[in-house]
Each structure stands twice: as structure tokens, then as C-alpha cells.
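I opened a fresh notebook page for a structure I had not looked at before. My plan was to pick a few spots and write down what I found at each.

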Amino acid sequence: CEEGEMPRSSRRRRHPCSTAVGPLNDDDLLREILLRLPPQPSSLPRASAVCRRWRLLLSDPGFSRRFRIHHRRNPPLLGFFVRNEGLPFLPSLDAPDRVSPGRFSLQRGDGDRFKSLGCRHGLILVSNKPKNQILVWDPVTGDQHRLDIPPVVAIHAKKTTINGAVLRADDARHFQVVLTVADNDDKQHRRALACVYSSETGAWGELVSTQLPSGVPMSNAGTFVSTYKPAVLIGDSLYWRLGGNFTGILEFDLEKQSLAVIWLPVHILEEGHYLFSIMRAEGGGLGLLLQTDFSIELWKRKTDCDGVASWGLGRTIELDKLLSLNSEENEIMIQGPMGENNVVFVWTHHILFTVHLESLQFNKLPGAYPLFYYHPLESVYAAVGS
């Protein structure tokens, strides 16, 4: 050995919790380092096994909250909730990140009858019609908030479908619920209604309404806010599908607290294409995804300099070629786009693919998936020692 150098046989590997002076001995700095661990479920449990000091830091509720906020922009896809009354959870990750289905189980009380309306920002919105309640559930923390539906909305919810959306603030402490329903009592003046709940104030806001088109000879039934697909968040607006007497799009502007009705491209209704999804268009703004056999068309709504809005076709994606599917033997069902990243889920014979519409990157999810409608759970599961 060179002068002053310790022989290799005498060297000791320094433990992360060593008392030697260094950045890892500063708890504040160590928290900032640990905060940047990957958001996968196995990250914090593995780090907590290093030593008792790390475990104490990671198990602190304040750190868990900061960890979730730090990774809120890009949370992992933990799995899916099946859209039925039991809301069973199907994990989508492999070990060691796989979350046991029993971890995310919603317990029902006497008289409860659940119907899921959507999942966003790690929260699930559930309708409990027999009790005129809305349930906001965080599967990761187990927190539940049962909200009484405003009386005016509840009256119409008994006659038709009710839909809604849940959103969480950036600080992850507060959330909003937007409920919407159609009022068909006056057939000449049908309306769409909406109401917003804020957990910060603990109260529902004022009722918002807009006129619905009438006299569209498609059905003798009234217009309704469809629960076929959940709400889509694009910019500062939420969008739902309208069905029944009028097929179109209902927009709720969160900033202006206003409702508006948007007409679909004429050819969609003329040609009987009802397999469409609302999505964020490439480059931003409102878009549509139209499924035609094994291809999807991406449409975008544009507004000219005179304020006149129109629809234009963007790209066409041939899914059977992209995913190497045999179009003569397979049938596909598209769900989405899901989440905030323009990712669609393509189901074919118990196989589920994720396809990013802009990059066309796709991934085959492990396991088998029956033909159901799913709510994907994108969230940070930061349970230490579980």
C-alpha cells in the first residue's frame, strides 16, 4: 500500500447511518434526498430497511404527504378498479411493486349501493343513490368523505343519471367535486345543472345551469349526462358526454363556473358513429377519439379569428398494425383516454395494452383482464413497513 493508505483487508464499508460527518447526517438534507426516490410502491419500504434512523424519517406522516405531492405529476399506474358495485381492484405491477387487491377494498354499509363515476388524482368518486350521497375515497390512505347530494340535484338524480368528477388541489389537502345532471321536467326548456363542492369550505356552491338543445328527433327520451365514460379534464374545463334526445358534449369551466353545450362533428351522427371518446387534442384544446374497426381517428376542435368553432381530422392510427394484432381473429375495445397523459387502454381477448397517443409508445400489461370497464388508479403508494 502507498504511504498513509489503509490495507484493503482493514477497510470497512461505511454504513449510511455512520456517525461520520457528511450530508447523510443532516436530517433535513437526507429528507430531500429520500424525497427524490422513485414513486414505485417498493421504494420507501426498501429504503426504510437501511437503518432505524431512515425508517423513522420515512414513516413520518409529513414526509409521506410531501413524497406524494412531489411525485403527483407522474404517479405510477398501480392498477384498475372494475366499474361494478363491488369495485374490486386489479393490480397491474409486478413484484415487488405489486399491490395486494385486499389493500384497496371499499367496505359497504347497510343500504349502500355504489356506482363509480371516475378516478382522478388518486381519488375515486362513487355515487350512493339509495342514500343520496357521494363518496370521495382515497384508496391509498383509506380516507372517506361522504357528501349529501344537494336537494335540487338529488330530485333530478332520481329520474335520470347523475355524473360528476373529483379533483385534488396541488397541495393534496383539499379536493373539489363537480356534480352534473339533466333537468327534463320542461320538455321545451331542458337544462343541464351543475354544482361544486369544496372540501376547503365544506359546502356546496350555487347551482349552475345551461339550456340543452331541444327538438332533436333521435329519441323520445330526455337528454341525460352519460355515465358510459367518466369526465375528462382539459385545461380548466371538465367534459362529459350527453346522450338520449341529444348526443353531444357538456363542458363545465372550473374558472368561470359556467356550463356550455358543444355539438359533435356532423358526420359522427350521420354515419352512426357512437364509439367516440372525449380527449385532449394534440397541442391542447378539446379533441375526440373516434374508433372505426381497428383504427382510431383523432379530431380537434378549432376556433377561427371570427370566433367560429369547427372540427378537423388530425391523425389516424391503425392499432392492429401498431400492436401486431390479427384483425380477422381479434376484437378490440378502447377505453380512454385515461389520466392526464393521453394514454388509452386497448382491450383484446383478456389482454390490456396502454398506448400513448402522441408518442405511439405502447406497453402490454401483465395478467389477464376480463371484458369490463375500468378506472385506472394512478397514485403514489408510500406505505412504509406494510
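**Entry 1: a threonine to start with**

Is Thr354 buried or exposed? I looked up its relative accessible area and got 13%. Buried means under 20%, so Thr354 counts as buried. A reminder to myself: this is a predicted model, and that goes for every entry below.

Next I checked where Thr354 sits, and found it in strand β23, which runs over residues 351–356. Then I listed what it touches, leaving out residues up to four places away in sequence. The list holds Val343, Val344 and Phe345, and also Gln361, Phe362, Asn363 and Leu365.

**Entry 2: the strand next door**

Val343, Val344 and Phe345 from that list made me look at β22, residues 343–348. How many of its six residues are buried? I counted six of six, so I noted the strand as mostly covered.

I then sorted the β22 residues by face. Val343, Phe345 and Trp347 are on one side, and Val344, Val346 and Thr348 are on the other. Both faces are covered.

How do β22 and β23 pair? They run in the antiparallel sense, over six bridges. To have one concrete pair on the page, I looked up Val346 and found that its bridge partner in β23 is Phe353. The two strands form a hairpin, with two residues between them. In that turn I noted His349, which has a positive phi of about 50°.

**Entry 3: a pocket by the same threonine**

I went on to the second largest pocket. Its volume came out at about 460 Å³. Which residues lie nearest its centre? I wrote down Leu77, Val343, Thr354, Asn363 and Glu378, out of 23 lining residues. So my starting residue, Thr354, is back on the page, and Val343 and Asn363, which it touches, are there too.

I also asked which elements give two or more residues to this lining. They are β22, β23, β24 (362–364) and β25 (374–378). By class, the lining has 13 nonpolar, eight polar and two charged residues.

**Entry 4: over to a helix**

Time for a helix. I picked Ser64, whose place is in α4, residues 61–70. Ser64 has a relative accessible area of 19%, and the cut-off for buried is under 20%, so it counts as buried. Not counting residues up to four places away in sequence, it touches Leu58 and Ala382.

Which residues of α4 are buried? I found Phe63, Ser64, Phe67 and Arg68. They cover an arc of only 135° around the axis, so they are on the same side of α4. I looked at what covers these buried residues, and the list includes α1 (27–34), α2 (43–48), α3 (52–58) and β7 (162–168).

**Entry 5: a strand with two hairpins**

Why did I note β18, residues 286–292, as largely enclosed by the rest of the structure? Because six of its seven residues are buried.

I checked its partners one by one. Strand β17 (residues 276–280) pairs with β18 in the antiparallel sense over five bridges. Here Ser277 has Leu289 of β18 as its bridge partner. This hairpin has five residues between its strands, and Gly283 in the turn has a positive phi of about 90°.

Strand β19 (residues 295–303) also pairs with β18 in the antiparallel sense, over six bridges. Leu289 turned up again, standing opposite Leu298 in β19. Between β18 and β19 there are two residues, and Asp293 in that turn has a positive phi of about 55°.

**Entry 6: a leucine in a loop**

I looked up Leu254, found in the loop between β15 (248–253) and β16 (258–262). Buried or exposed? Leu254 is buried, with a relative accessible area of 18%.

Leaving aside neighbours within four places in sequence, Leu254 is in contact with Leu167, Gln176, Val178, Leu233, Asp236, Ser237 and Leu238. I also took one distance: the C-alpha atoms of Leu254 and Gly235 are separated by 9.3 Å, and the two residues are 19 apart along the chain.

**Entry 7: the whole chain**

Last, I stepped back for the totals. The chain has seven helices and 25 strands. Of its 386 residues, 46% are buried. I also looked at contacts between residues at least 6 apart in sequence, and 48% of those join residues at least 24 apart.

How values were computed
Residues are numbered from 1 along each chain as its sequence is written. This is a predicted model: local features need pLDDT of at least 70, side-chain atom pairs count only at pLDDT 80 or more; totals for chains, interfaces and linings use all residues. Side-chain values use heavy atoms; hydrogens and water are left out. Helices (H or I, at least four residues) and strands (E, at least two) are DSSP runs, numbered from the N terminus. Buried means under 20% relative accessible area, exposed over 50%, partly exposed in between (1.4 Å probe, protein chains only). Contact means heavy atoms within 4.5 Å. Two strands pair if DSSP finds at least two bridges between them. On a 1 Å grid over the protein atoms alone, a cavity is a set of points where a 1.4 Å probe fits but cannot get out, and a pocket is an open set with protein on both sides within 12 Å along at least five of seven lines; lining residues have an atom within 4 Å of a point. Grid points are joined across faces, edges and corners, and a volume is the space filled by probe spheres set on the points. Ala, Val, Leu, Ile, Met, Phe, Trp, Tyr, Cys and Pro count as nonpolar, Asp, Glu, Lys and Arg as charged, and the others, Gly among them, as polar. The arc is that of the directions from the helix axis to the C-beta atoms.
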